[in-house]
Amino acid sequence: RLRGVAAALSLILLLPSLLPAWWDPGEMDQYFVAARKPLPDWIAEPTRFIRTRTPPEAVFAGDRNYARWIAAYGARRVLISNSLNLPNDHPRRMEIESALLRDGPKSLMAEGRDRYSIQFVVATSYPMYQAPDITLEQLATRPYLEPVYDRQFPEARVVIFRIRYEGDRP
């Protein structure tokens, strides 16, 4: 019984030494340094536009690398993202996304509207992961994509297109 008490007291006395005596977030947290820097304008301004000028229920398709910023700072849902977990129906989402980017079958676009409520496509001047051959200039020629935000930043150009589905009012 005495040995148990001695062991418990030793543990209580030594417990603080098991914890770091100091905590340096810059050394211990790989995201801390980057999180202290302000967001670059090419992320902050478009996502501010998204947050303040698009409906809260809007869903965005397009640049999967930029999608993380839309979800985190734009506070909107995205169809699919390279940095978020893939949904169970990701193959179908990819087909719909491809139809939107490549002027594909209208039935897939309609499914994007009806099933996922996709209202916007976002693209940057960086090649899209899933469609490196599609350029901003090509997207601008799509009759169903209407630019609602277009800004050139030193790092990149960001364009947000509203999708005009068949039967939508102008």
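Which residue of β3 is the bridge partner of A61? In this predicted model, the partner turns out to be V121. That bridge belongs to a bigger pattern: β1 and β3 run in the parallel sense and are paired over four bridges. Strand β1, which covers residues 59–62, also pairs with β2 (residues 77–78), again in the parallel sense, this time over two bridges. Here V59 has R77 of β2 as its bridge partner. Getting from β1 to β2 involves a helix: β1, α5 (residues 67–72) and β2 make up a β-α-β unit, and a right-handed one. As for the residues of β1, V59 and A61 point one way while F60 and G62 point the other way, yet all of them are buried.

The loop between α5 and β2 is where G74 sits. With a relative accessibility of 0%, under the 20% cut-off, G74 counts as buried. So what is G74 in contact with, leaving aside its neighbours within four places in sequence? The answer is T47, I50, R51 and W69. K37 is another story: K37 and G74 are 37 residues apart in sequence, and their C-alpha atoms are 18 Å apart in space.

Next comes the nonpolar interior. In soluble globular proteins, nonpolar side chains tend to be buried together. In this model, the largest nonpolar core has 24 residues, and L100, I118, L139, L145 and I163 are the ones with the most contacts inside it. Several elements chip in, with β1, α6 (90–102), α7 (106–116), β3, α8 and β5 (157–163) each supplying at least two residues of this core. The largest share, four residues, is the work of α6. Take L145 as a sample: leaving aside its neighbours within four places in sequence, L145 is in contact with L100, V121, L139, F161, R162, I163 and R164. Apart from this core lies another one, made of 17 residues, including I43, I70, V78 and Y149.

Then there are the charged residues. Side chains of opposite charge can pair when their charged atoms come close. The count for this model comes to 13 salt bridges. One of them joins R93 to D89, with the closest N and O atoms 2.7 Å apart. R93 has a relative accessible area of 17%, so R93 is buried. Another salt bridge links E111 with R115, where the closest N and O atoms are 3.1 Å apart. Why are these two separated by about one helical turn? Because E111 and R115 are four residues apart in helix α7. Their surroundings are not alike: E111 is buried, at a relative accessible area of 16%, whereas R115 is partly exposed, at 47%. D89, R92, R93, E95, E111 and R115 are linked up in a network of salt bridges.

Residues D114 and R113 have a salt bridge too, at 2.8 Å from N to O. D114 counts as exposed because its relative accessibility is 55%, over the 50% cut-off. R113, at 30%, counts as partly exposed.

Finally, there is Q130, placed in the loop between β3 (118–124) and α8 (136–140). The side chain of Q130 makes a polar contact, at 3.2 Å, with the side chain of E97. Leaving aside its neighbours within four places in sequence, Q130 is in contact with G62, D63, R64, E97, L101 and R102. Among these, G62 is one of the buried residues of β1.

Technical notes
Residues are numbered from 1 along each chain as its sequence is written. This is a predicted model: local features need pLDDT of at least 70, side-chain atom pairs count only at pLDDT 80 or more; totals for chains, interfaces and linings use all residues. Side-chain values use heavy atoms; hydrogens and water are left out. A polar contact is a pair of N or O atoms within 3.5 Å; within protein, one must be able to donate a hydrogen and the other to accept it, and residues adjacent in sequence count only if both atoms are side-chain atoms. Contact means heavy atoms within 4.5 Å. Buried means under 20% relative accessible area, exposed over 50%, partly exposed in between (1.4 Å probe, protein chains only). Two strands pair if DSSP finds at least two bridges between them. A crossover is right-handed if, with the strands pointing away from the viewer, the path from the first strand over the helix to the second runs clockwise. A nonpolar core is a set of buried Ala, Val, Leu, Ile, Met, Phe, Trp, Tyr and Cys residues joined through side-chain atoms within 4.5 Å. A salt bridge is a side-chain nitrogen of Lys or Arg within 4 Å of a carboxyl oxygen of Asp or Glu.
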